[in-house]
Amino acid sequence: MSTRVIVLGSLGGQSYTDVSGARLRAGTSVAFVVDGAVYLVDCGLGSLARLLEAGLTPADVRAVLVTHHHADHTADLGALLVHAWSAGRRPEVRVHGPAPTASWVRALPDVHRVATDRAVAHATRPAFSAFVRAEEFATGGDAAVVLRDDRVEVRALTVDHGGLPSVAYRVRTADRDVVLSGDTGGKTDLAGFAAGADTLMHEVIDFPLAERVLRAQGAAEEFIGHQRDDHSPPEVCGATATRAGVRTLVLYHLIPGTPGVTDTAWRAKVAPSFAGRVLVARDLLEV
Amino acid sequence: MPMDRRTFLRSTAATAAAGIAAGHLPPPALAAGRLRVVLLGTLAGDGLGGAGNERTGTAIAVEHGGDVVLVGCGFGSIRRLLEAGIETSRLRAALVTRLTFDQTADLASLAMGAWSNGSNNGDPASPAARRRLPILGPAGTQAHLLAYARQEALTIDDQYRVLKQVPAFDVFARPRDVTASAVRRRVLRDGTVEVAAARLVDPRSVSSGVVVPEALGYRIAAGSSAVAIIGPCAHRDRAVALARGADTVVCEVVDVEGARRAARALGSSRAQIAAMQRTWTTPAEAADLAARAGAGTLVLAGLVAGRRAGHRPPLAPRYRRLHRTRHRGPGSSPRLNVAAAWPPPVR
């Protein structure tokens, strides 16, 4: 059994402008390809196109794990699911995540009512409403297994990311053990959760830079505070990786994702707190 | 709209290459009153069979000055919009010809993304709070967006109440079902851009128990320039009337044999395929349509893949060949452009 870990989208945030880097990067999404079955962690804007560019298809997707329901993590989820259904995937796709995953999945058939009714009529497919299965889990407690099958075991840990329930995931396969931070502020200590993993994929923000842009745009203090308090600066990523003892740290969910902030610049910010291998995510990077 | 093949290919390639290389592409200046058509996504059909990394779902940007009207919003459309250097703040309207995945996969996310791009300043009196995005399509478009707003209620509330996005989502996104008539009728005017629509497939117009979705065609005009966009079409005379006098006709076309083969592989019956086929336009029929409308340029886009599994020859040469070998239309043919595949991004 072999596992490929592919970054489909490396951009963080819901701003799709030159300033954010959205021209170059798709929204956050990471694919675990385990013996041909795809497990997606998040499905941000443009990640479906990246999935195809990676040589995969929606029909390959067995499960999606949502870290939280901000649009930069879910924008392409509906499109992915309808295309998986349209491609005739069987059995169903499972969507795992914290609230409101269950209500989100329940509402999905209504969003695509006209298209799916028509497709059922002309191609004898199972009802779309039965195709997507929600696996919502509670947040707030200790880390717990949220998915286990013949290929992967996934544990989730609640992290602190402002108003929406949010989690980090640890994805174990026969040959890989990878932790993805989701979106998290400094109040959550991921080091224990990530201890012994081979790779930590950690979201990152260059807050001083982001703050300058946001203030120039006249953003409210609440929004600026969300960026400061609910995301992680490079030094926190590095320190967490060091304490967890991982060999590789991948910076992803980059804020900003512009070419102006180079890989070298990101690495320099992490270097004082982590001596291991550092990768700066870009779309279609294989980790 | 002067857009010969060389100009079209040059601008497409240059646009894409610049975007990929630098992530930065200033749109070329437009002459006053001229429309520019950017084919963002050129793959039609429900499935992504054979899509690979060649094409994304149907989406066409029609630019006039700094304003953009988007027609179609299939998967990957927003990605391509950004790669083409068109920020969502320039969108004046999003239109869909029908409620099928190849038109709507990214539509709700477009509404969300365009909304989220505004200022989070929490000030209802700011210019950002006056932003609106009309979203037009056949019956069911409004329900599609309203259902999405319910689905994303918690996220929208967080964005609005906690993160101070203005205006409220339901104030910004303005979905509307177009009650288009058989003949063309104006459905939107924004500044100097006018949009007219005509119904090219009637609701449940095909019998035998097969539901074929209603489909609209659009005509976008500004100054002395006009572009007609024709998707599925069961009434070619209506399409000709809609397109009459337009500089350019962009037409969704189907390789009938390939599409029939693909539909059979998905389990569609003979009657079901026949019903769908009544709304398909072949490349040769598109040429006839454009010639009858007096259009100077025909663009074959919205190409239905219809390929055998695992068989992925480039689409454009196949459609060009179909057009050349089967076109027997009267009079002189319009110039032909076959939508080029968008170059894949840097790996």
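**Interface and cysteines of a predicted model**

Me: In this predicted model, how many salt bridges does the rule find across the interface of chain B and chain A?

Reply: A salt bridge requires a side-chain nitrogen of Lys or Arg within 4 Å of a carboxyl oxygen of Asp or Glu. Applied across the interface of chain B and chain A, the rule gives a count of 0.

Me: Which helices of chain B each supply at least two residues of the side that touches chain A, and how many residues of that side are charged?

Reply: The helices of chain B that each supply at least two residues to this side are helix 1 (5–22), helix 2 (77–83), helix 4 (107–116), helix 5 (141–151), helix 6 (153–162) and helix 10 (270–277). The residues of the side of chain B that touches chain A comprise 24 nonpolar and 25 polar ones, and the charged ones number 10.

Me: How many residues does chain A bring to the contact, and what area do chain B and chain A bury between them?

Reply: Chain B contributes 59 residues to the contact, and chain A contributes 59 residues. Of the area buried between chain B and chain A, 58% lies on carbon and sulfur atoms, and the total is about 5100 Å².

Me: Why is B:C233 not bonded to B:C251, and how many disulfides does the structure hold?

Reply: A disulfide needs two cysteine sulfur atoms within 2.5 Å. The closest cysteine sulfur to that of B:C233 belongs to B:C251 and is 7.4 Å away, so the two are too far apart for a bond. B:C233 is also buried, at 1% relative accessibility. Over all chains, the number of disulfides is 0.

Notes
Residues are numbered from 1 along each chain as its sequence is written. Chains are lettered from A and ligands numbered from 1 in the order in which they are written. This is a predicted model: local features need pLDDT of at least 70, side-chain atom pairs count only at pLDDT 80 or more; totals for chains, interfaces and linings use all residues. Side-chain values use heavy atoms; hydrogens and water are left out. Buried means under 20% relative accessible area, exposed over 50%, partly exposed in between (1.4 Å probe, protein chains only). Contact means heavy atoms within 4.5 Å. Buried area is the accessible area (1.4 Å probe) that two parts lose on being put together, summed over both. Helices (H or I, at least four residues) and strands (E, at least two) are DSSP runs, numbered from the N terminus. Ala, Val, Leu, Ile, Met, Phe, Trp, Tyr, Cys and Pro count as nonpolar, Asp, Glu, Lys and Arg as charged, and the others, Gly among them, as polar.
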